[in-house]
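Reader: I would like to learn how to read a model of this kind feature by feature, beginning with the overall fold and ending with the side chains. Could we work through it together?

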Amino acid sequence: SSGGPLICTVSPQSAKQLVLLRAQQIVVQSAPATDDTLRLLEGLMRTAAQVPGRKVVFVISDGFYLNDRKTGSLDRIKKVTDAAGRAGVVIYTLDARGIVGDAIDVTNSSPVDGKGFLTGASIGEISASQDGLNALAADTGGQAFRNTNKPMHEWVEKVMDETSNYYLLAWKPDNEEQKRGKFKSIEVSISGRPDLKVRVRGSYFKSAALPLLTTKKKRD
């Protein structure tokens, strides 16, 4: 009726199916771009390995979704962060969308029903799209900046300031299990100082030389 609420009656079963279809649509649409992004980042890490010293990489993106079964993106994230660790690269990420949230508003095109089954159908999409940015930063010892509209120079200056002072930690595996090829997690803590936060490369694959992108030597 004119001026009245628009109500669409949807059963719980139909609502569940719509949410599943929405999730599948997101994965299918974003998978190629996500794969291209992570491949390029891994290539960048391998190139950076040829330059001595500690490096900082800024990744500015509007986010991407991780879905291991469909795209293998979780495994590729691990390859990127492992290559970054070997190359001495710390990744800082920024969600280019600025301040974003999952709240329902007038721009939300999801159907609405009287019992509220679909009201929150899209809630979680924003935070899920930030998972990849969070992983790239956390697993290399960097930091993810999200939901902020601060001027870029402010967070760049903060990053440059904190990365100018750091500790270089070396550790040698104690047994064969720690040397094997599966992905391993690393945890570092400061004894007696729970008030301090440690950001460190969070994992590694088996020890192996990081292959260069090319074996041809340039004259320059």
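Author: Let us begin with the secondary structure, which in this protein comes to seven helices and five strands. The model is a predicted one, and the pattern read along the sequence is α-β-α-α-β-α-α-β-α-α-β-β. Of the 220 residues, 27% count as buried.

Reader: How should I read the largest pocket, and which residues lie nearest its centre?

Author: A pocket can be described by its volume, its lining and the elements that supply that lining. Here the volume is about 1400 Å³, and 34 residues form the lining, with Tyr167, Leu169, Arg199, Val200 and Arg201 lying nearest the centre. By character the lining divides into 18 nonpolar, eight polar and eight charged residues. Helices α3, α6 and α7 and strand β2 each supply at least two lining residues, and the largest share, three residues, comes from β2.

Reader: Is Tyr167 buried or exposed, and where in the chain does it lie?

Author: Tyr167 lies in the loop between α6 and α7, and it counts as exposed because its relative accessibility of 79% is over the 50% cut-off. Together with Leu169, Val188, Ile190, Leu196 and Val198, Tyr167 makes a nonpolar surface patch of about 590 Å².

Reader: How many salt bridges are there, and how should I read a single one?

Author: The count comes to nine, and for each pair one can ask about distance, position in the chain and exposure. The side chains of Glu162 and Arg199 meet in a salt bridge at 2.3 Å, N to O; this pair links distant parts of the chain, with Glu162 in helix α6 and Arg199 in the loop between β4 and β5, 37 residues apart. Glu162 is partly exposed at 25% relative accessible area, and Arg199 is partly exposed at 32%.

Reader: What separates Arg86 and Asp82 along their helix?

Author: Arg86 and Asp82 are separated by about one helical turn, because they stand four residues apart in helix α3. Their closest N and O atoms are 2.8 Å apart in a salt bridge, in which Asp82 is buried at 7% relative accessible area, whereas Arg86 is partly exposed at 28%.

Reader: Which residues are linked in a network of salt bridges?

Author: Asp35, Arg39, Glu42, Arg46 and Arg76 are linked in this way. Within that network, Arg76 and Asp35 meet at 3.3 Å, N to O, joining helix α3 to helix α1 across 41 residues of the chain.

Note on methods: Residues numbered from 1 in each chain as written. Predicted model: local features only at pLDDT ≥ 70, side-chain atom pairs only at ≥ 80, totals over all residues. Heavy atoms only, no water. 1 Å grid on protein atoms, 1.4 Å probe; cavity = no way out; pocket = protein on both sides within 12 Å on 5 of 7 lines; lining within 4 Å. Points joined across faces, edges and corners; volume = space filled by probe spheres on them. Nonpolar A, V, L, I, M, F, W, Y, C, P; charged D, E, K, R; others polar. Patch = residues over 30% accessible without salt bridge, like charges linked within 9 Å, V, L, I, M, F, W, Y side chains within 5 Å. Areas by Shrake-Rupley, 256 points an atom, 1.4 Å probe, with all protein chains shown as cover. Salt bridge = Lys/Arg side-chain N within 4 Å of Asp/Glu carboxyl O. Buried < 20%, exposed > 50% of the residue type's maximum accessible area, 1.4 Å probe, protein only.
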